[in-house]
Amino acid sequence: MTQKTDNETTLAEILAYEEKVWGALVAGDPEADGALLSEDFLGVYTSGFSDRAAHMAEVEDGPSMAEYKLSEARLMDLGEGQVLLAYRADFRKPQSPDWDAMYISSIWKTTPSGWINIFSQDTPAT
């Protein structure tokens, strides 16, 4: 799906940034993770709210994900250089043979140095 938003941002472009976040989780790289998150990042998860530091802390001791697959992606233009990416993530955590799934919405904002994630919310798939 290569949908364009009003500001000509492509789904593939934003999905590539989202994949960098997942890549940091698989690599256990908090610096790479943090580089993609705004200073005032807000995450909304089943465990509660998260900020940038807490998101980075998830991978301080190594990978929090072993592998993942993203699908069903959609992109919504929010105006003023912001887009919402929504997709399904199937993933497997380290040391687990089982796959889990969730639907994720994340808001990305353009900056002079590229796109940065300002918000993310996970909803477990049932």
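Two strands count as paired if DSSP finds at least two bridges between them. In this predicted model, S5 and S6 satisfy that criterion with 10 bridges, running antiparallel to each other. Serine 106 is placed opposite serine 120 of S6. The points below cover the sheet, the helix that crosses it and the largest pocket.

**Sheet**
- Six strands form an open sheet, arranged in the order S2-S1-S6-S5-S4-S3.
- The pairing within this sheet is mixed.
- S2 and strand S3 (67-79) are the edge strands, each of them paired on one side only.
- From one strand to the next, the twist averages 20°.

**Helix on the sheet**
- H1 lies across four strands, namely S3, S4, S5 and S6.
- Relative to S3, H1 runs at about 135°.

**Largest pocket**
- The largest pocket holds about 530 Å³ of space.
- Its lining comprises 27 residues, and those closest to the pocket centre are Tyr45, Glu58, Met65, Met102 and Asp122.
- By class, the lining residues are 14 nonpolar, nine polar and four charged.
- At least two lining residues come from each of helix H1 (11-27), strand S1 (37-45), strand S2 (48-50), strand S4 (82-92), strand S5 (99-111) and strand S6 (114-124).
- S5 and S6, which pair over 10 bridges, are thus among the elements that each supply at least two residues of this lining.

How values were computed
Residues are numbered from 1 along each chain as its sequence is written. This is a predicted model: local features need pLDDT of at least 70, side-chain atom pairs count only at pLDDT 80 or more; totals for chains, interfaces and linings use all residues. Side-chain values use heavy atoms; hydrogens and water are left out. On a 1 Å grid over the protein atoms alone, a cavity is a set of points where a 1.4 Å probe fits but cannot get out, and a pocket is an open set with protein on both sides within 12 Å along at least five of seven lines; lining residues have an atom within 4 Å of a point. Grid points are joined across faces, edges and corners, and a volume is the space filled by probe spheres set on the points. Ala, Val, Leu, Ile, Met, Phe, Trp, Tyr, Cys and Pro count as nonpolar, Asp, Glu, Lys and Arg as charged, and the others, Gly among them, as polar. Axes are lines fitted to C-alpha atoms, for helices over the stretch in contact, and angles run from 0 to 180 degrees between N-to-C directions. Contact means heavy atoms within 4.5 Å.
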